[in-house]
Amino acid sequence: MKKIYYILPIVLGMINFSCTDDLLDKQPLDRYTDAVVWEDPALIDAFLLTQYAYTPVMINDATTMFSSWNGSPMNRDPRADSNLRYWFGNSAQTFGPGLTIEISDEAKYTSGAWANLVPEKAWGVTADGGMLEWWENAYYTIRNLNEFITKVPSSPLSNDIKATRLAEARFLRAYCYFAMVKRYGGVPLLTVVPQLDSPKELLYPARNTEQEVWDFVLNETKEIAGILPSVQDEYGRATRWAALSLYGRAALYAGSIAKYGELNENKLTGIPADLADDYFDKAYKATEEIIKDGPFDLYQADINANDVNSRIQNFKNVFLVKRNIETIMAKQHGGQSFDPGGGTTTWSWDICHAPRPSVWGQGNYQAPYLELVEEFEYIDGRSGKLDRDYVQSRLWTMKELWADRDPRFYASIWTNGTPWRDAVASNFGKDTINFHRGLIKPDGTMLTSFSNSYNGMPAVGDQSYFHASTGIVNTGFGIMKYLDPSANNMIWLMESRTDYSIFRFAETLLNYAEAAYELGKTGDALNAVNRIRNRAGLPDLQSIDMEKIRHERQVELAFENHRYWDLRRWRQAETKLTRSFSGIQYVLDYNTRKYKILIHDEIDGDQEPTFPKRCYYLPITKARISQNKNLIENPDY
Amino acid sequence: MKNKIQERFSFAGIVFLLLIIMFSANSVPVHAQTNISQTRKSIKMTNVTVQQLVDNLGADFKYSFFIVDEQVGRTTVSVEKKNATIREILDEAFQGKDIIYSVKDKNITISLKKSSPKQEKTSKVISGTITDENLQPIIGASIKLQDTSTGTVSDLDGKFNLEVSDRGKIIVSYIGYNTQVINISEQLNYRIILNENTKALEEIIVVGYGTQRKGNLTGSISSVKSDKLTTAPITNVTNALGGQLPGLKTKQSSGIPGADASKLSIRGFNSPLIIVDGVETNFNNIDASQIESISVLKDGAASIYGARAGNGVVLVTLKRGSSSKVSVSANGSVTIQNSTNLIRSGSSGQRAEWEREAHINANLPASQIPWTLSQIQKFYNGNDPEFLNTDWFTAAIRPWAPQQNHNVSVTGGSEKVKFYSYLGYNNQETISRNDGGGYNRINLQTTMDAVIIDGLTLSSSFNYIKENRDFTAMNLASSNYYYALYDSDPRYALSLPDKTMLSYAGSSYGNAVFVSSRKLAGYSRSDNHNLRINGSLTYDIKEIKGLKLKAFVNYNGYFGLSKVFRKQPGFYSYKADIDEYIFERKSQDPTMLAHGTSYSEDMTQQYSISYENTLNEDHQLSVLALHERINYKNEGFDTQRGNLTTSVIDQLFAGDPTTASNGSYASEMGRSSFVGRVNYGYKNRYLVETIFRADASAKFPKDGRWGYFPSVSLGWVVSQEDFLINSKIIDNLKIRGSFGQSGDDGIGNYQYYAGYAYDMSYILADKIYQGLYSTGLANSRLSWERLSIYNGGIDFSFFKRKLYGTVEGFYRLRTGIPGYRTESLPSTFGASLPLENLNSMDSRGFELEAGTSGKYGDFNYDISANISWARSKWVSFDEPVYTDADQKRIYGYSGKWTDERYGYVSDGLFTSMDEIAALDYTYVDLGGNEALKTGDVKYLDMNDDKKLDWRDQVKIGQGTMPNWMYGLNMNFKYKNIDLGMLFQGAFGYTSYIDLESAPTTLKYENRWTEKENSKYSLVPRPGSKNVANWWYSDYRNHNASYVRLKNMALGYELGKKALETIKLSKLRIYVAGTNLFTLSSLAKYGVDPEAPEGTPAYYYPQQRTVSLGVSLNY
């Protein structure tokens, strides 16, 4: 009975122990608080670096970032929750950088990538939007940048650093708006941080006019070009030249839209035509400044004047050699891939485009159309167009078919017979891409199935193997540009460590040429274009016109996320993207070991591309408008 | 300072727990069965009460004393003896007193000697045996002479002797059995059979922080006992609950060993709070055999758990010892599992046929048509080495997999000390044919209840669960595993002439056999240890009858160690004509070794004071006041390395150091609560219960941290009224009503802090920097959501339980549901919005349970059925103010059922181009009808505006959780044979089924073909990229309903004679099964009715089991 007197104190003692407030007053253990971050230079910079990563549109207009299987704060599109295609597939780390390639006239989607724009290419983007969107993520990044721009002035950074970092943030913000305005036309321009109790105009903002947004981008980039250093202490940050490059590109876009587009009554889309020259002039001046005063040049380090083939490797190296003279601003890649444990410092280009067998699956997610291939001239300046009837009338060796073209062709595109490490070459020597699909036996019959072979010669070459076994139709070509022969594509996605050029000098020259031409300065235009052709190894043009500039741009900048936007701003997409495209099929003739060429005029089958006029602008969508009644939809949605 | 206090606290807690365990351990020898009547003792006690005397003697002589009369207990006696036996001591003590005693085994009954000469004259001694319906002796039943205090208890053989007067009645009662009143007749020996009364009013039901007599319940509480949970051997106890309890909905969405739990939902609400022995704990890994009972609190009764209880509470009570002789029971079973619904991979002929049709249908180049018809025929024939038809699926998956469930428990004790020990072992293998691993679990439990000193009881329990999951490196829960299974192309060979090389099968993971094998693909292993130790001290304050003090401490710790070792071999194909192996690819995921640990703990303390008494015979009063504190903590880290140079050593150091990475996490939480409850009953007729709880949670900011949750319920036991009490028809009739408020705080911690965390990395100057992102805006006003629930019910029992049951209805209003204001606030705002208490929802529903039980001769039956319905509506939902009526109708939430689904209405497939040409409306999003072809899905222009667009979407179904759920539980017993069956079913839900995305036989067999051109093919035209075929519509969203024989058991119990020869008290042999038979409206889609939505092949199918088992008691 007395034992109770021993035990009770223990019990009471425990009550006593536990009567402290720390049971309920706990702090999160996995986060920094607001107060800590804005007082710590390293954390402030870490926040800014995230905004660099959160502007994936700089990388071929990818619209999300892959951060984890649960998604990242960047996957803000309402569709993202359930739509792997969107938040995973559109990321800069996976298939996002290929999307504007396949929706343009550059290439056909084959298979493999989780995201594709096949429906959008066939029927146009529909009223609910869904792909190519840069809205929710854009405003997320913009808010972060606005917050940075608001808070950093009172932070303990040194004045120099403060000015530079603020200008970097403004550069990124301008890039975000640039990527929006080219999609939607006018969008709400937010430069402050809305709070839950902000005035209605800020919480439910109306769209600014398209012109206002372009002007914002131009004014901002112009101003920060005067603040940013020419060379940053750390390579990869925005510089004065990056700001000028964005300025030049945006001014050129604005000029074309003014000149070729229609001005909507509400001014939310379109720019008054009389402003075109003004914008072209801005583009001209900014690009001229980069050309004249900038430390950049076309990359020619690997050219051996006596060997035209050296120009192939030289052009490949424009995209493979890090920090080369042609790169104005790059997103650097390196470090570990996502799995295991890496971050967002690599991308997936090689796995998407490398030929078999040095890639798992088939690579070749986007297959260039024959029409694009034909844009590559012969080395002597002749048109690259094929006589299709003649081509199909005889047997060819690959050398006969593809010899003597613009060296950029071999550096941008691979096809049957292109050298590639480890490629299984049943007809060629080793290390050569074997892309035939079909085998003509000596008796004239044709084998087409992947399990067929004749005397040890497979009916389907290794590169076509996957396509043939699963019914995928290819164009006969693949993308070589940016392919890193040393990449290990046998592991997972995100194994590419090549840097991506956000701005490169060749684009500056072409922007300059176009702006000059629009302003009637044909001499400047001709010189700039000839600089490009010269480096490539092609003869100079004697005269210049708009078609030639656009042609040069299409070839030089192929697969670099220019073509689709160019066709839109020139208002040519309606015709150039509403048509069928073609591809070829190589059929190996067993006896002669030459190839019969079949040209398929409708390589997309019944998914013939269509670009409805409304698609010059993406829809604001009824979901966004029902959230914000002050938004007005773009025409024809 | 803060840390110090915590340390001290934890230290004190652990010491306390250790003390408890030591006490318990020391008590064990008490139960050793020795011949104690020879024990001798010296004693000297003067003027003590009989009660004090026996308390003193009890400890030394190991007898249980029963004092049948309070007066006797208060009588003072004196005794002085040296080295005396118990009889000698008692004889001396009672000398000259009117006290007699009787010794039977280790029970000593002390009673008053009746000195009335009249009584003496007519008295006689009767004897008897008390058994249950199965003729098992009932030990410790009380036998009392009516209207006297004379009585005794039955002994170990159920026997008793009692001195009685000539006439009169004896009352025989025992907890859980119907009390019997027997007229004393001429006969001297009585055979009394007590009927078990599992559903009757005396049943003790576990309620929040205590128990209640079922007859006195006023809340809506359903309860199920252990025997119903162990009908058939199962590894996860949640799978035994379906159909058992009215209002409890279950859905099992996967059959993965160790992860096949059913999702539980009370009345269609979100996940309920699970309380095991007083503490919030997951109970997926507790053996069904360990469980004594499960109660489900469905209405205001749950308010006693306050802020966590809004979705109802499931109370699980584990078994404890009882005061009986030591008994051992053992169960063993072996089970075979096979899939309820196995979807097979399509053959090579089927695939080739599809590819050919797709190519032609898509109008792609004719020169690239993948297969000729004769080649397809060769695939079907399967005897040409160039046209193989490899069955990868069968090579990887076996038709059945073994499972074992064994356990042994020991229980026993005296009035002073009771104990229970349990050891269980479960093993469940996967359906992988090739070294696919499985799930192992060991459950260990020891409980002890000891009266330390008079009035002070120490209860302790020690639970340890070790779980081991060991599967292939490919996660069985991820669809990748199933992609590999189904995507392995049958046109590739199963193996190559060189057996050391793996054969490629067109899959990014190589082939199906690879992914299903630990040996080939590596493993993914996790070991989890769960330790739950608790102890309580209860002190009955003698001075005030019914007043108790209780302190309870529980430590719950989880420790987990996980390890994934992934291999990445190369895959080859073989070209026979050139005798060459071609390297095709490596499997998709790189070699990797990941190693991680996790640790979490929670420490719960409860201090309570309670009072329970019947005052003036008529007023039953029970009061509880309790304070509870819970402290949570968890942390862990993960490390990994890639590019392992060899797959021989599975250690981190074998990985490439440049790929090393690691991470960690940690969090803390705390809760503090005060609980009060008052129950009052008048004559067991009018019942009132009020509950009040105040809860504080560290999840919420200081100002809004405390929440207050009251509830009140009333009951009227009509059958206790004078006009019904003697009714022959109505045994029980009770009308109940309740109102209660509770909360739900199931949101992340610290939403009221704005913070920054690491995300992304970026390279500058070739150096990788980690980036920091904002976790979003904070909401300093965020609090739990509030739920108010109204409940009404009637309990009835007629004709001596020939018909019994419960009808119940409820209405629940849920306000302040946390939501993100993403709908009404446009995305231009740009921030991750904070959770806000924005939305509200109301739910309503009813439950009906009815049963009948009885017997005809040797045939006993008990049949009960239940059905329930529940559905919820959004009262208000943060959403845009829609001005467009169609937007409001289709996308709006407010005022609509929460589970409505909108989509297009299909009318099968187009079967002719004329039909398309004749359409008087156009597919707007396709820019016209040119893209349509035969075999595409035909949608209807529901609003007749000649345009097929989003406005044509209408309500096409409702969510995946059934509105209606029912169960039919049947138990029969004939002599030694018993049969139990539980049917369970559901209806009122839909399931979205995509047969096309996985290359299964379902896809090919149900496809549209030009030849058959069927309007009703389940898969549209192969090769169609027509996006309209994928619009959300009733073409793929189907009504679902099913009934399944959830479990069944047929048992045979050995007769008494046979048992005697083998010295066992019970031996039962049984065959049992689960998911044995299913009728489902989804059967035609080849889908299990509980399968997750979407692509039905890509998950681990539910398992059907058949078991053979034996259980015995000693």
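This is a tour of a predicted model with chains A and B, one selection at a time.

**Chain A, coloured by confidence**

Start with chain A and colour by pLDDT. The mean for chain A is 91, and 93% of its residues reach 70 or more. Now select residues 16–20 of chain A, where the pLDDT is below 50. Leaving out near neighbours in sequence, this stretch has ten contacts in the model.

**The interface of chain A and chain B**

Show both chains and select the residues of each that contact the other. The selection should hold 116 residues from chain A and 131 residues from chain B. The two chains bury about 10,700 Å² between them, and 59% of that area is on carbon and sulfur atoms. On the chain A side, pick A:L24, A:K26 and A:W123, which lose the most area to chain B. Together these three account for 7% of what that side buries.

Turn next to the polar pairs. Between chain A and chain B there are 29 residue pairs in polar contact, counting pairs with both residues at pLDDT 80 or more. Six salt bridges cross the interface. To look at a salt bridge, select B:K933 and A:D606, whose closest N and O atoms are 3.2 Å apart. Then select helix 1 of chain A, residues 4–18. Helix 1 supplies eight residues, the largest share of the side of chain A that touches chain B.

**A salt bridge within chain A**

Over all chains, the whole structure has 98 salt bridges. Select A:R624 and A:E136, a pair with its closest N and O atoms 2.9 Å apart. A:R624 lies in helix 25 (residues 622–627) of chain A and A:E136 in helix 7 (residues 136–151) of chain A, so the salt bridge ties together parts that are 488 residues apart in sequence.

**A sheet with strands from both chains**

Select strand 1 of chain A (32–33) and strand 39 of chain B (767–774), the edge strands of an open sheet. The sheet has three strands in the order 1(A)-38(B)-39(B), with antiparallel pairing. Add strand 38 of chain B (residues 755–764), which is joined to strand 39 of chain B by seven bridges. Within that pairing, B:A757 has B:Y773 as its bridge partner. Now show helix 3 of chain A (residues 41–53), which packs on this sheet and touches strand 1 of chain A as well as strands 38 and 39 of chain B. The direction of helix 3 makes about 90 degrees with that of strand 39 of chain B.

**An open sheet in chain B**

Move to chain B, where four strands form an open antiparallel sheet in the order 8-7-10-11. Strand 8 (151–153) and strand 11 (180–183) stand at the edges with a single partner strand each, so one side of each is left without a neighbour in the sheet. From one strand to the next the twist averages 20 degrees. Select strand 7 (residues 142–145) and strand 10 (residues 169–173) of chain B, antiparallel strands joined by four bridges. B:I143 has B:V172 in strand 10 as its bridge partner.

**Strands 32, 33 and 34 of chain B**

Finish with strand 32 (residues 592–615) and strand 33 (residues 619–642) of chain B, an antiparallel pair joined by 24 bridges. B:M603 stands opposite B:N631 in strand 33. Zoom in on the hairpin, which has three residues between the strands, and pick B:N616, with a positive phi near 50 degrees. Then add strand 34 of chain B (residues 656–682), which pairs with strand 33 of chain B in the antiparallel sense over 23 bridges. Here B:H627 stands opposite B:F674.

Definitions and conventions
Residues are numbered from 1 along each chain as its sequence is written. Chains are lettered from A and ligands numbered from 1 in the order in which they are written. This is a predicted model: local features need pLDDT of at least 70, side-chain atom pairs count only at pLDDT 80 or more; totals for chains, interfaces and linings use all residues. Side-chain values use heavy atoms; hydrogens and water are left out. Two strands pair if DSSP finds at least two bridges between them. Helices (H or I, at least four residues) and strands (E, at least two) are DSSP runs, numbered from the N terminus. Axes are lines fitted to C-alpha atoms, for helices over the stretch in contact, and angles run from 0 to 180 degrees between N-to-C directions. pLDDT is the predictor's confidence in each residue, from 0 to 100. Contact means heavy atoms within 4.5 Å. Buried area is the accessible area (1.4 Å probe) that two parts lose on being put together, summed over both. A salt bridge is a side-chain nitrogen of Lys or Arg within 4 Å of a carboxyl oxygen of Asp or Glu. A polar contact is a pair of N or O atoms within 3.5 Å; within protein, one must be able to donate a hydrogen and the other to accept it, and residues adjacent in sequence count only if both atoms are side-chain atoms.
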